[in-house]
Amino acid sequence: MQYDNGGELLVAHLESLGIDTVFGIVSVHNLPLVEAVDRHLRFVPVRHEATAVNAADGYGRARGSIGCALTSTGTGAGNAAGSLIEALSAGTAVLHVTGQVESQYLGSGRGFIHETKDQLGMLGAVSTYAATVTSALDAGHVLREASAAALATPGGPASVEWPIDLQYAAQEDAGEAVPSGGAPSPHAAELAAAQALLAESRRPLIWAGGGARHARRELAALLEATGAGLLSSNSGRGSVPEDHPLVIGNFATDPAVRALLADADVLVTIGTHFRSNETADYNLKLPGAHIQIDADAAALGRVYPARHALHAEAAAVLPALTGAAVRADADWSARVTAVRDEVRAALHDDIGPQAALCDALAAALPRGAVVARDVTIPSSSWGNRLLPIHDPRANVFPRGGGIGQGLGMGIGAALARPDEPTVVIAGDGGLAVHLGELLTVAQERPRLTLIVFNDGGYGVLRNMQDKYGERRSGVDLFTPDFGPLAAACALPYARIAAPEEAAPVLEAALASDGPTLVEVDLTALGPMKNPFTPPVKIPTA
C-alpha cells in the first residue's frame, strides 16, 4: 500500500485497531500525524502530554482494547513519561507515537529545536516496546510491531518516535504481519497436580488479579463449581460482578478475611502482582497450598511461594481446574458470604457521611459504567473497595499510585463510551496537577461527572503527618473556588455539603448529556469515623 504521508499511514493503522479517537498535542514535529487524524478520525487536543497518554490509557481500558496518544519530541515526549510509567505498571495497551527531529540530525547533539539526548533510551525505560521509524518503508511494520507488543501479555505502552521528515514523506507499506509469540502452556505434571489438589479441597479461596479480566466466563464457572470465596486485587475487580454472594472483593487485609485465608485449604491466584498496598507490605499470610496462574513467567513465585505454578493465560487453564473441582463444604460458602457482608458493612460504617455518596453513586450509575478514580481518600478508602464494580472495563484507576491522572483517564473513558455516563472521583490536590484539563472537558463536552472532594490539600499525607508527626509539611494547599472556576470553563456546577444532598445532586449530574463539576465540601460534610491513612510503614521511635 502507498500513502501520501505518514499521517495517512497512521490513520489506516489506527482504523485496523478499531481506534476512532486519538489524544495529543499538536507540534511542528507531529503536524502531519495530527492533521491526518483530525481529517479522518477524532483528534482531542488535551492540554498536557501526560494527559494524552492517560486519556489513551483510559480509552483503551474502557473498551478493553488499545488507545493512541500523539506527542511532540524532546520535552513533549518527556512530559508523557510519567503516564507511560502508569500504563507500564498496569500492563495496559497504549500506542504512543511521538515526533522526532529530522533524521539527518538525529543524535547529532547540535541543539536542533526540540532535540533531547537519547530520547529512545528514555522511552525504552518507561515502555514495554520502543522503536524509531528509520525510513518511509518501515513505518507500517514498526507501528504493527508496537501495537502487537502493547496488546500482548503482560503488555503495556509501546512508543514509536518518528522523525518529522519521514512523517512528511510518501509511505510504502508491504503490510507484512508481525509474528506472534504464541500462548504459554503449563507443564502437564504441574497442571495435573493442581487439579488433584483442588479436587481434595473443601475450603477453597480464589484471588483474581488483573490477569483475570480476560477470563471472566471461565472464572465465573470455577467460582460456581467450587463455591469458593473470591478475593480480588484492585485490578481484578469486576472480573465477576461484585454483587455475587461469593465475591468478597478487595478486602484481603481485613481481619475477617485474614481469618478466612488462615483456614483455607487451597488458594488459587490468577494474574495478580500481590502489590504492597494490597498485602500489608507483604505481611499478609497466604495458605501454603497455593496454585498460581500467570501468563508472565517472572510473576510466578516472585512474591509468595507457589506449590503449583501454572504459566498460562487464565482463560486457557481455568476450564481444566473447573473440570477437576468439587463443591466446597456448605458451611464454608456460607461463611464466605457472611464475611463478604461483614467487611462491607464495617467499611460503610467507618466512612461516616461519605457513605451517602457511595450509596448514591451505586444507585444512580448504570451497571458497568466507568468510574475513574484518582488517588485520593475517597478512592483509596471506599472507591477502590466498597463502590461496586460489575465489569473490569469500568474499573479505571492509576494502578501505579500516581496522583493527578484520574481526570485524563476519565476523559478517555468517557469518549470511548459516549452513550453512558462516566464518573471521575478526584481530590482537590490531585485535580490541581492537571487543572488545565478542565478546558479539555469544556471543549469536548463528554458525558462526564467530575466529583472533586475538597479538603484543602493532600488529605492522605495530612492524615499521616497528624498521626505520626508533630507538624504538617507541604499538605495544606490553596484551593480555588470551584463554582466560579466551573463558570469560567462553561461547566455546570453543583455542591454537596450534607449527606442528604448526595443522591439528588448526583442523579441530576449523571442524567445530563454533558459534563458537570460536582464539589464535595468535606469540611461541611463532616469527617469519617477514623481518618484514612495508607497501608505504608512509618518508622517510629
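**Exercise 1.** In this predicted model, determine whether Trp382 and Phe453 are buried or exposed, and classify the pair that their rings form.

*Solution.* Trp382 is buried, and Phe453 is buried as well. Next, consider the geometry of the rings: the centres of Trp382 and Phe453 are 6.2 Å apart, and the planes stand at 70 degrees. Planes over 60 degrees apart count as edge-to-face, so the pair of Trp382 and Phe453 is edge-to-face. Finally, locate the partners: Trp382 belongs to helix H14 (residues 377-383) and Phe453 to strand E18 (residues 448-454). The two are 71 residues apart, and the pair links distant parts of the chain.

**Exercise 2.** State how many aromatic pairs there are, then analyse the one formed by Trp207 and Phe274.

*Solution.* The count comes to four aromatic pairs. For Trp207 and Phe274, the ring centres lie 5.4 Å apart with planes at 70 degrees, so this pair is edge-to-face. Trp207 sits in strand E9 (residues 204-208), whereas Phe274 lies in the loop between strand E12 (266-270) and strand E13 (290-294). Buried means under 20% relative accessible area; Trp207, at 0% relative accessibility, therefore counts as buried, and Phe274, at 1%, likewise counts as buried. Together with Tyr304, Trp207 and Phe274 form one aromatic cluster.

**Exercise 3.** Describe helix H1 (residues 6-17) and identify the residue that caps its N-terminal end.

*Solution.* H1 has twelve residues and reaches 17 Å from its first C-alpha to its last, close to the expected 16 Å. The cap is Asn5, with a side-chain oxygen 2.9 Å from the backbone nitrogen of Gly7. Buried residues in H1 include Gly7, Leu10 and Leu14. Just after H1, Gly18 adopts a positive phi of about 80 degrees.

Technical notes: Residues are numbered from 1 along each chain as its sequence is written. Side-chain values use heavy atoms; hydrogens and water are left out. Helices (H or I, at least four residues) and strands (E, at least two) are DSSP runs, numbered from the N terminus. The expected span of a helix is 1.5 Å times one less than its number of residues. Buried means under 20% relative accessible area, exposed over 50%, partly exposed in between (1.4 Å probe, protein chains only). A polar contact is a pair of N or O atoms within 3.5 Å; within protein, one must be able to donate a hydrogen and the other to accept it, and residues adjacent in sequence count only if both atoms are side-chain atoms. Rings of Phe, Tyr and Trp (its six-membered ring) pair if their centres lie within 6.5 Å; planes under 30 degrees apart count as stacked, over 60 as edge-to-face and the rest as tilted.
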